[in-house]
Structure formats: C-alpha cells, structure tokens
Amino acid sequence: MKKIIKKLKVVLSIYFVFLCPGLVHAQNFGLINQKPTQEHTTDSQNDSANLSEIKTYEASRSYISNEQEDSRYTLGPNDVLTITVQRHPEVSGKYTINTEGKIQFEFVGDIVLSGMTKEQAAVVINKRLEKYIIKPYVTVVISEYNSKLVYVVGEVGAPGKIFMRGDTITVREALLSADLPQLTAATDKATLFTPSDNGNVILKKVNVYDLLYKGDLRQNYVMRPGDTLYLPATLWAKVARFLNPVTQPIGQAAGTAASVHAI
C-alpha cells in the first residue's frame, strides 16, 4: 500500500511539474491574444482623434484662407508703392497711384494698377519692362495705404479715419485702431452705417461691450470702405456735459470769492 501511495505521489509530482508551466503559458498566451484587441481599440480611438484633429485643422485653414482672401488689399488712388527693379536702380523708386488709377513709370509711360494686388502689379510692370530690360525682376511694396478707409466716431480714444490694410476690416480691428471705447461710451448701443448703391444707408446695431468683453463674435461685423461706426455717449455723460457749462462759472466765482475773503 505504501508503495502504491509513493508511486501516486511521484506521478502527481511529475504531473504538476509539466502541467503548471502549461497553465502559465496558456495564461500568457491568452494575454498575448488579448493585447492586439486592446491595441486595435486604442489605434481606432487614435485614428478617430487624428481624423477629428485633421478636420478641425482643415476647417481652421479654410477659415484663415477665406479671411486672408477677404482682407487682401487691392490698389487704389493715392496709394504709394515702392517699386524695385533688381540691378536697375534708375527705374526703381516710389510711385503714387493717381486719381485715374495709374502710375507714371520710367520708359514705359502710364500703367494702370488700380484694382490689382501688389503681386499682380509686379507681374504687369515686369511684362512692360521686358521690352526694354533683359529679364527684369520686379518687386512691389505698399509704402502707404491711402485708398481705402472707414470712420470710427463718437466716444473712442482717437475718433476719425481708419486707413485700411485690406479690402475689409472688422469692427474689433477698427475699434483697436481707434484706441478703444472711452468710459463715457454707451458700448451696447453702437451703430454701423453702411452706404448702399441706391443712396440709402443700411444700419446695424452693434453691441461693442459683448464683442470686446464677452467674446461675442456675432457682433464682429465686417466693415468696407466708406462705412462708419458710431459709439454714442451714455446718458450720464450727456447730462454731465450739459451741466458743465453752467457749473463751471459758479465754481470759478466761488473760488474767486474764497480768495477775496482770504485776503
């Protein structure tokens, strides 16, 4: 009997020696089989995230390109250009576009540039110079932006003309150029005046406060040449200005009386 028990112990020992590594291997194999599934899931999530980022990036690039296209600057009367012809300083220099939209250029005479971008103007000048200069290389730089402007009037730091550096300008950019609204401005009651072709004026109410201090871009209207943005004064500012001419002489008289009494 004892011999049988010993034999059973030996068999069981051998069985566990060979069985345990198998179990461990099976567990590891199971874990290995599970890893690709997890990685696959992670990869799918990463792919979705990357796709979302790509779509967001493309949308932002589309917005930027549209904004750049809208804000590109086309030349007009009174703009001053610095035209450089490489290796030919005799025809390089500053030129002002006249009221007819032309510049008077050396050798070639008048060239119409109004309505063109500076890149298009460089191509036109280059082609005109090819008749007189071998392989000219022309660059055009806008030195002074004078042909397009909008107006910001009322309660701002620097009311008046805003010379545009594009064919359009936003309300926010115009306000920044005008040194922002003053404390006396009724920033929730601004008005944008846009002239139309039929002689009428289109009015748009603009909540400048929401635009500047709450980030409401719906109020960031696009302004075009000739538009006017008006910021009225608050009621209290109007009352103070009305009373100031009355109270100022009284204050001066009181001060004079005090001085006389002191003497």
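Let's go straight to the open sheet, which has 5 strands in the order β7-β6-β12-β9-β10, with mixed pairing. At its edges stand β7, residues 160-163, and β10, residues 201-206; each has a single partner strand, so one side of each is left without a neighbour in the sheet. From one strand to the next, the twist averages 25 degrees. Please keep in mind throughout that this is a predicted model.

As a quick reminder, strands of a sheet pair through backbone hydrogen bonds, either parallel or antiparallel. So which strands pair with β9? One partner is β12, residues 228-231, which runs antiparallel to β9, residues 190-195, over 3 bridges. If you want to find that pairing on screen, look for leucine 192, which stands opposite leucine 229 in β12, and for phenylalanine 193, which stands opposite threonine 228 in β12.

β9 also pairs with β10, again in the antiparallel sense, over 6 bridges. Here proline 195 is opposite valine 201 in β10. The two strands make a hairpin with 5 residues between them, and within that hairpin glycine 199 takes a positive phi near 95 degrees.

Since you'll be looking at backbone torsions anyway, here are two more positive phi values, both in residues other than glycine. Asparagine 78 has phi near 80 degrees. You'll find asparagine 78 in the loop between α1, residues 2-71, and β1, and at 43% relative accessibility it counts as partly exposed. The other one is leucine 180, with phi near 65 degrees. Leucine 180 belongs to the loop between α3, residues 171-177, and β9; its relative accessibility is 34%, so it counts as partly exposed too.

Let me step back to the whole protein for a moment. Its secondary structure comes to 5 helices and 12 strands. Of the 263 residues, 27% are buried. The exposed surface is about 18300 Å², and carbon and sulfur atoms supply 58% of that. As for contacts between residues at least 6 apart in sequence, 54% of them join residues at least 24 apart.

Now for the interior. In soluble globular proteins, nonpolar side chains tend to be buried together. Which residues touch the most other members of the largest nonpolar core? That core has 23 residues, and the ones in question are Ile83, Ile103, Phe105, Leu113 and Ile125. Two or more residues come from each of β1, β3 (102-105), α2 (118-129) and β5 (138-144). The element that gives the most is α2, with 4 residues. Apart from this core lies another one, of 19 residues, among them Val150, Val152, Met223 and Leu231.

Leucine 113 is a nice one to click on. Beyond its neighbours within four places in sequence, leucine 113 is in contact with Leu75, Leu81, Ile97, Gly101, Ile103, Ala121 and Ile125.

Another good one is valine 85, in strand β1, residues 80-85. Is valine 85 buried or exposed? Its relative accessibility is 2%, so it counts as buried. Its contacts, again leaving aside neighbours within four places, are Val91, Ser92, Phe105, Leu129, Ile133, Pro136, Tyr137 and Val138. For valine 138, the C-alpha to C-alpha distance to valine 85 is 4.6 Å, although the two are 53 residues apart in sequence.

Last topic: the aromatics. A search of the whole structure finds 4 aromatic pairs, and I'll show you two. In one, the ring centres of tyrosine 95 and phenylalanine 105 are 4.9 Å apart and the planes are at 40 degrees, so the pair is tilted. Tyrosine 95 lies in β2, residues 93-96, and phenylalanine 105 in β3, so this pair ties together parts 10 residues apart in sequence. Tyrosine 95 and phenylalanine 105 are both buried.

The other pair is tyrosine 209 with tyrosine 213: their ring centres are 5.2 Å apart with planes at 50 degrees, so this pair is tilted as well. Both tyrosines lie in helix α4, residues 208-213, 4 residues apart, about one turn of the helix. How does each stand towards the surface? Tyrosine 209 is partly exposed, with a relative accessible area of 39%, while tyrosine 213, at 51%, counts as exposed. The cut-off for exposed is over 50%.

That's my tour, and I'm happy to take questions!

Technical notes:
Residues numbered from 1 in each chain as written. Predicted model: local features only at pLDDT ≥ 70, side-chain atom pairs only at ≥ 80, totals over all residues. Heavy atoms only, no water. Pairing = 2+ DSSP bridges. Axes fitted to C-alpha atoms, helices over the stretch in contact; angles between N-to-C directions. Buried < 20%, exposed > 50% of the residue type's maximum accessible area, 1.4 Å probe, protein only. Contact = heavy atoms within 4.5 Å. Core = buried A, V, L, I, M, F, W, Y, C linked by side-chain atoms within 4.5 Å. Areas by Shrake-Rupley, 256 points an atom, 1.4 Å probe, with all protein chains shown as cover. Phe/Tyr/Trp six-rings, centres within 6.5 Å; stacked < 30°, edge-to-face > 60°.
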